[in-house]
Number of protein chains: 2
Amino acid sequence: MENIISQDLLHIWHPCTQMKDHEKIPLIPIKKGRGVYLYDFNDKAYIDGISSWWVNLFGHCNAYINQKLKEQIDTLEHVLLAGFTHQPIIDLSARICALLPKELNKCFYADNGSSAIEVALKMSFHKSLLDKKEKKKFITLSNAYHGETLGALSVGDIKLYKEVYGALLLECLQAPTPKNEDYEKELQVFKELIMQNYQDICAFILEPIVQCAGNMHMYSTDFIKESVLFAQSYGIDVIFDEIAVGFGRVGSMFALEQCGVVPDYLCLSKGITGGYLPLSVVITKDEIYQKFYAPYEEGKAFLHSHSYTGNPLACSCANAVLDIFEQENIIQINQQKSKYIFTRMQELKNFHQVSNLRSRGMIFAFDLIKTKKNRAGLIFFQEALKRGILLRPLGNTIYFMPPYVILEKEIDFVVDCIKEILQTIEL
Amino acid sequence: MENIISQDLLHIWHPCTQMKDHEKIPLIPIKKGRGVYLYDFNDKAYIDGISSWWVNLFGHCNAYINQKLKEQIDTLEHVLLAGFTHQPIIDLSARICALLPKELNKCFYADNGSSAIEVALKMSFHKSLLDKKEKKKFITLSNAYHGETLGALSVGDIKLYKEVYGALLLECLQAPTPKNEDYEKELQVFKELIMQNYQDICAFILEPIVQCAGNMHMYSTDFIKESVLFAQSYGIDVIFDEIAVGFGRVGSMFALEQCGVVPDYLCLSKGITGGYLPLSVVITKDEIYQKFYAPYEEGKAFLHSHSYTGNPLACSCANAVLDIFEQENIIQINQQKSKYIFTRMQELKNFHQVSNLRSRGMIFAFDLIKTKKNRAGLIFFQEALKRGILLRPLGNTIYFMPPYVILEKEIDFVVDCIKEILQTIEL
């Protein structure tokens with residue numbers, strides 16, 4: 001392993017990492033994946049407790065997705081999506097739209113979450129121009145995360161990622177995210193911001209139900225419903241960033257089902273391919289699509305593109321993922337699994353270091369408090385790795401967000417290990 | 001086919017397309033790909049004369065890449081790259097660095113070209129902060145294209161893509177791109193811009209040798225060399241956007257080899273996976289990496305990330321692509337192929353509609369002039385499709401940018417068809 005690690009560090013600058021940390025914290029080279037397990041080059045197994053950054057749904061090297069992907073490789077690996085199309089993207093688009101409120105019926109594709117957010121921001125702004133208004137402000141929520149490209153970063157609020165780049169970013173209006181189910185004060189601030197600025201605001205962007213990168217903050221669906229309806233009543237578009245929470249992660253197929261509202265743009269990525277390949281999509285409404293639909297000479301087209309937009313290989317994975325959802329009744333089975341996990345996690349409440357134990361669907365989190373060590377979350381992470389579990393934290397927030405195929409015995413193992421760490425390790 | 005097309009149009013909003021055009025211009029559903037050919041649902045074959053937006057190098061469904069990709073699918077489809085690594089990315093990074101000047105030795109990955117540009121822009125700006133300067137301007141070239149996310153769009157100059165979003169974009173300094181080999185005037189303007197503004201400029205970004213989206217404009221390597229050295233002498237970083245021109249497209253493996261300079265950041269994407277999957281990388285210098293390398297508490301880390309950064313499947317395609325370059329001596333063989341194509345294309349000079357016939361490596365282009373019809377390029381495109389060739393134009397610029405595996409008889413067919421169109425169709 002040491003040889004492989006040093007080869008890596010010679011040339012690779014890892015994402016979201018202070019590389020000097022790897023002087024003390026060993027980088028882990030992964031040789032293979034099977035189901036919920038990742039295996040290093042010593043054949044040590046790790047349960048992927050964070051679904052490799054929230055992307056994996058049905059396990060690593062899933063036999064069914066593998067088969068479907070291989071079939072596509074033998075058929076058509078890629079063709080540009082401008083002027084051309086292919087069966088996997090036609091199927092995928094129809095199937096995604098069929099799972100959504102009927103108003104959401106036009107799919108615009110990109111490669112990653114950040115790019116989907118950029119598409120939605122540009123589309124909403126562009127639409128305001130087509131409506132003969134130049135509404136160039138976005139309203140966002142505190143503690144939000146929407147990605148890392150400059151547009152996406154502008155509408156986020158995680159200082160760790162954003163602060164440095166302030167001089168390059170768009171100024172946004174920001175409303176507070178409710179701390180809990182009590183949201184009257186925050187809604188009032190939101191409404192005032194809207195009433196004072198609505199003429200300049202093209203869109204309100206939010207992560208419904210859980211702000212994942214924002215330390216897995218879970219907040220009121222009633223707030224979401226009321227704020228969204230209020231914004232829309234002022235002619236403001238609403239962008240739902242379901243990149244992390246979509247595809248069953250918060251219990252329903254999409255978070256919007258629990259919020260009782262229909263956004264104007266829905267951004268999906270991550271789980272869409274089951275954790276196989278980068279793919280993202282913005283689903284919007286026909287009435288928005290129609291505003292851009294005009295004789296070429298009028299110059300109204302939305303000309304955004306990426307080379308691999310709508311890549312057939314990624315779409316074939318996404319279709320396989322939807323097959324599994326249908327065939328295996330995943331949403332319903334996950335309800336039981338979610339209950340089982342959260343019931344078992346109640347045992348963590350007995351530990352003085354555990355605060356704010358919370359869950360939505362297949363996301364489970366708690367915060368480490370009263371810690372004595374610097375970067376206690378990181379110590380926790382390393383202790384979990386020793387025990388064969390990947391639980392990369394967000395600061396001192398420990399979260400468990402497993403692939404949906406995790407078994408009860410594996411859940412038990414994870415919870416028992418967490419308890420053991422809390423019991424025996426000074427954090 | 002009609003049924004498939006109408007299913008597509010129900011739900012798919014295509015990139016870089018005025019969708020109303022498809023009322024008259026049929027969308028083409030592609031069933032399969034083999035080598036240079038794409039096949040529609042009537043089994044009609046099309047030579048992919050633009051390598052599906054400049055990404056395909058060794059043909060569609062290439063047997064060797066297919067095999068390597070399938071092996072990787074059975075091993076490890078994905079793992080997050082923060083704290084973890086895998087063999088395909090270690091191999092790929094070492095191999096890319098080995099092909100580059102030795103100073104370029106650290107690889108930071110992303111998913112698409114736009115995201116790579118955003119990484120380079122953020123990294124250069126961030127570095128200026130670490131150097132205790134806040135240099136927040138970028139200097140760019142006229143007619144440049146660097147992508148579609150707001151940061152990448154800001155440093156571009158194609159009005160068609162950019163103008164609408166002006167209110168959301170960074171202001172940049174822009175120098176003129178030389179029209180041809182004579183560049184003294186443009187260099188002078190560039191130097192003056194630098195001398196007047198260097199304290200505010202963190203980076204100079206350019207597409208070396210060919211501005212592909214900018215109507216395949218080919219310009220002086222001497223200008224590039226002189227402008228780059230001048231910028232660097234003022235402490236300005238240089239970003240080479242080789243997203244379109246890298247991987248042999250301009251005759252050498254990378255364009256920088258012909259320019260005689262070493263940029264501070266090299267952005268690669270498109271051909272990197274041979275046209276299979278989205279993947280991009282920014283390669284930079286150890287001295288830049290070291291500025292970010294510090295105890296965690298100092299807050300100097302470059303925390304950019306995308307979920308699928310360094311995806312093993314995409315990396316395995318990229319390794320297969322490098323295998324083919326090595327095993328089949330592609331760069332040398334392409335020199336002969338390039339000569340053959342450009343020699344045959346000289347025959348087009350006899351047509352009064354053809355102007356500015358040009359080539360670098362495996363890019364060939366001419367402009368349609370003295371046209372009578374609106375959107376003559378589009379008519380040309382449709383005529384070529386009828387004859388079984390995909391030659392999607394850039395406005396009235398027709399370009400030929402085939403997969404490297406194209407054969408002489410296929411080249412002959414393409415040139416003969418172009419001649420036939422010029423001879424018989426009113427444009």
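# Hairpins and a two-chain interface

Me: Over how many bridges do strand β1 and strand β2 of chain B pair?
Reply: Strand β1 (residues 28-34) and strand β2 (residues 37-40) of chain B pair in the antiparallel sense. Strands here are DSSP runs of E, at least two residues long, and helices are runs of H or I with at least four, all numbered from the N terminus. Two strands count as paired if DSSP finds at least two bridges between them; for β1(B) and β2(B), the count is four.

Me: What kind of model is this?
Reply: Residues are numbered from 1 along each chain as its sequence is written, with chains lettered from A and ligands numbered from 1 in the order in which they are written. Side-chain values use heavy atoms, leaving out hydrogens and water, while local features need pLDDT of at least 70, side-chain atom pairs count only at pLDDT 80 or more, and totals for chains, interfaces and linings use all residues, since the model is predicted.

Me: Which residue in the hairpin of β1(B) and β2(B) takes a positive phi?
Reply: Just before the turn, Gly33(B) has Leu38(B) as its bridge partner in β2(B). The hairpin leaves two residues between the strands. The positive phi, near 60 degrees, belongs to Gly35(B).

Me: And which residue in the turn between β2(B) and β3(B) has a positive phi?
Reply: β2(B) runs antiparallel to strand β3 (residues 45-48) of chain B, joined by three bridges. Leu38(B) turns up again here, standing opposite Tyr46(B) in β3(B). This hairpin has four residues between its strands, and the one with a phi of about 65 degrees is Asp43(B).

Me: Over in chain A, which residue in the turn of the β14(A) and β15(A) hairpin has a positive phi?
Reply: Strands β14 (residues 354-360) and β15 (residues 363-368) of chain A are antiparallel, with five bridges. Ser359(A) is matched with Phe364(A) in β15(A). Two residues sit between the strands, and the phi of about 55 degrees is that of Gly361(A).

Me: What relation links chain A and chain B?
Reply: Superposing by least squares on C-alpha atoms of residues with pLDDT of at least 70 in both copies, chain A lands on chain B at an RMSD of 0.0 Å, using a turn of 180 degrees and a shift of 0.0 Å along the axis. So the relation is that of a two-fold axis.

Me: How much area do chain A and chain B bury between them?
Reply: In contact terms (heavy atoms within 4.5 Å), 122 residues of chain A meet 121 of chain B. The copies meet through the same surface, because 99% of the interface residues of chain A are also interface residues in chain B. Buried area is the accessible area (1.4 Å probe) that two parts lose on being put together, summed over both. Here 65% of it is on carbon and sulfur atoms, and the total is about 11200 Å².

Me: Which residue forms a salt bridge with Glu148(A)?
Reply: The rule wants a side-chain nitrogen of Lys or Arg within 4 Å of a carboxyl oxygen of Asp or Glu, and it finds four such pairs across the interface. In one pair, the closest N and O atoms are 3.4 Å apart, and the partner of Glu148(A) is Lys122(B).

Me: Is Trp53(A) buried or exposed?
Reply: Trp53(A) is in helix α2 (residues 51-54) of chain A, and its contacts beyond four places in sequence include Lys270(A), Leu80(B) and Ser305(B). Buried means under 20% relative accessible area, exposed over 50%, partly exposed in between (1.4 Å probe, protein chains only). At 8%, Trp53(A) is therefore buried.
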